Amino acid sequence: MNSKEIKQKNKTIWKKIIYKFDEFLSKGMGVQFVMLIVAALVIIVIAGLLVGIFIDGISLKGGIWDSLMHLLDQGTITGDETNNKLYLTFMLVVTGFGLLLMGTIVGILNNAISSRLAILDEGLTQVMEKGHIVIIGYDDNCSCIVRQQMESNENWTGNRSIVVVDNIPSVDMKTDLQAKLNLGKKLRTKRGVKRSKLIYRTGNTVNEKTLQMVSLESAKSIIINKSDDFEVIRILLAISKYFKRKDINVHMTEKMPNIVTLMHNEENIQAAKVAIGIFDESGNEIQCPAANKIQIMYMDKILAHIFAQICRQPGLSWVLSEIFSYNNSELYIEDGCNGTSLVDMGFVGKSFRQISKELKTSIALGIQKADGRILLNPDYDETIFEQGDRLVHLALDDNEIKLRNSGTSEEAYGKAVVAAQHEEEPYHIIILGWSHAIKDIVIDINDFAMPGSTIKIVSDYEGCEEANRGIFDKLENVSIEYIDKSPYHWEYVSNFLDMERELSSKENKKITNILILCQDDVEREEADRRTAVLLLNLRTYLNKYDMDNTINVTSEINQVEDQMLLQSAEINDFVVGDEIANRIMVQVANNTDLYQVFRDLLNDDGSEFYLRDIIDYVDINNDFTFEYVSDVALEKHEIALGWIHYEENSQDVEVRLNPKCEPICMSFKGNDYFTENDKLIVLAED
């Protein structure tokens, strides 16, 4: 072997040594520290041996000790005598290695900390929480969901952590959400308790490792926030598979978290229920105690009910906004108060009337029976509270069930009036635009409309008329007319409205409502843009031709931010969309039984919210109490929840729910607050 070959072989061996060394270093901080300790021990021992051998008067142990001190503290060498040059040379070498060693340690620690911070920023660490809320999916709706959950947490004594997870960099989610929620300042609750903790994680939402990373099995509730139904179904399948794991095994048990989501296509609901395990593959419902923990809500149905209710009672929009939020009083279903059961509080054996009159700071709406049935506005004397029942009530906080002393009622005084007879008239509604929800909207309107009502649908959507043929033909109270024109061409729409005004004066069919639907066959942003332009043009038109505000306008907007921007202060101009659905979803996530309550309240069957003239209940020119108004409503088989007060010479509206929680609002002097235009909010069957 010649010198060239030997040189090449040595070079190859050296490369292998470097490769093995690099491979060894790449194993992490622990291995790197072990290597440094070994190197330090070798240097200390060698230097100690040399000092013990070549330096007179210093033993082997003394040499090792001196080497250790010079290695750990580089300033030690400044105290050495300069007479012994050899000893000084040895210590200089050890001190140099010490400087190199400390610099390497600092570098390793810096890299480790930087790597850890990078992992935290990427949202890849394990969440060690229990009883937290997990939101799967991040979009424009997430800010509304998080805001509502933070308000809910203000009265919650348990875990206030909210985990947001999606396949988006956690830094981007955090920055965007903090800007939307204005979280620059430390948010505290009214009582000074700890604020909600927001946690962001990044990962594939159908990956088992991602679900494990957010501790899904130990969560209180899971909110699936995806606009694509197929994505929702995939996530439900992933959750079902994850919960069935042997080491977790919480699927369809009492330990399983609440699961809430919205579906946008009714045809996909059954597939979603099969995916999570509510239905089997044959479509049969699986009976188990945890089935009620899963609520898959149909978005279009919710919005259709709200559209129909607001068409009938424009001011109801403000009431629904309050009911479905955590701003003031909200609905609760409870079996006790602060550790004391309703049984021990003396509820068992009492009628609903007795319970209603004994509640001090909340308003009873109904009873959830032990078998799960919810009775809203039940028969007051025949409905008896039994063992295992729960109270449905409107309260300022959960666990706030307070009774009057000795079961007595507050003093109730006032002067009754003879209620006026109000005859409903047919509705004449114009719908601008088309979406899949139009079928449910029209059917709901037909349920409460007087015979002779009309609906004109202006849309150039292909197949609009054919899509509902055979469905609308069966309507009893409403006739449908289609106008095949673009609702987003303002020149045509304004001419159409002019003709409708002329026609109404001749046939006495004045327009009562205009609905603007967000077209769902285009992108959400584009649909919002079209709706926003149309709504702004319509408002300008109505300010000129409907100065008395007799035409009620209800618009649909997809994105929460656009909805908030376009929301009007006028009571007959309301923008509805994902925000109100998100509010419902958050409340249901915290208590899945509330979904049945909300569904019953929004349906035409059973009891619903109504706005009645307050002058039909009490003579406002005399002194009276809210207790008295409640008693009058009770005799009419209605539950008084509060009122809507219209400020005189102003568009401002004050909605007051559950005034019982504020004693200052209980008593009124004659004609010092209410006017004949004000409304009483009641829960009634008709």
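**Helix 18, its neighbours and the enclosed spaces**

Helix 18 supplies three residues to the lining of the second largest cavity, the largest share from any element. The model described here is predicted. Strand 5 (residues 258-263) joins helix 18 as an element that gives at least two residues to this lining. The volume of the second largest cavity is about 90 Å³. Its walls are formed by Asn 141, Ile 224, Asn 225, Lys 226, Ser 227, Thr 261, Leu 262, His 264, Met 299, Asp 578, Asn 582 and Met 585. By class, four residues of this lining are nonpolar, six are polar and two are charged.

Helix 18 (residues 578-590) also packs against helix 5 (residues 141-153). Two packed helices are described by the angle between their axes and the distance between the axes. For helix 5 and helix 18, the angle is about 45 degrees and the axes lie 9 Å apart. Helix 5 is therefore oblique to helix 18. The crossing of the two helices is right-handed. On the side of helix 5, the contact involves Asn 141, Cys 144, Ile 145, Gln 148, Gln 149 and Ser 152. Helix 18 contributes Asp 578, Glu 579, Asn 582, Arg 583, Met 585, Val 586 and Asn 590. The residues of this contact comprise four nonpolar, six polar and three charged. Asn 141, Asp 578, Asn 582 and Met 585 belong to this contact and also line the second largest cavity.

Helix 18 is likewise involved in the second largest pocket, where helix 18, strand 7 (330-334) and strand 8 (336-337) are the elements that give two or more residues to the lining. This pocket has a volume of about 890 Å³. Its lining consists of 36 residues, of which Trp 156, Glu 334, Asp 398, Asn 399 and Asn 590 are the closest to the centre. Strand 7 provides the largest share, five residues. The lining divides into nine nonpolar, twelve polar and 15 charged residues.

Across the whole structure, three cavities of 30 Å³ or more were found. The largest cavity holds about 180 Å³ of space. Among the 13 residues that line the largest cavity, Ser 356, Ile 363, Ser 630, Leu 634 and Lys 660 lie nearest its centre. Helix 12 (352-358), strand 10 (363-368), helix 20 (626-635) and strand 21 (639-646) each give two or more residues to this lining. The largest share, five residues, comes from helix 20. Six residues of the lining are nonpolar, two are polar and five are charged.

Methods
Residues are numbered from 1 along each chain as its sequence is written. This is a predicted model: local features need pLDDT of at least 70, side-chain atom pairs count only at pLDDT 80 or more; totals for chains, interfaces and linings use all residues. Side-chain values use heavy atoms; hydrogens and water are left out. Axes are lines fitted to C-alpha atoms, for helices over the stretch in contact, and angles run from 0 to 180 degrees between N-to-C directions. Helices (H or I, at least four residues) and strands (E, at least two) are DSSP runs, numbered from the N terminus. Angles under 35 degrees count as roughly parallel, over 145 as roughly antiparallel, 65 to 115 as roughly perpendicular and the rest as oblique. A crossing is left-handed if the near helix is turned anticlockwise from the far one by less than a right angle, and right-handed if clockwise. Contact means heavy atoms within 4.5 Å. Ala, Val, Leu, Ile, Met, Phe, Trp, Tyr, Cys and Pro count as nonpolar, Asp, Glu, Lys and Arg as charged, and the others, Gly among them, as polar. On a 1 Å grid over the protein atoms alone, a cavity is a set of points where a 1.4 Å probe fits but cannot get out, and a pocket is an open set with protein on both sides within 12 Å along at least five of seven lines; lining residues have an atom within 4 Å of a point. Grid points are joined across faces, edges and corners, and a volume is the space filled by probe spheres set on the points.
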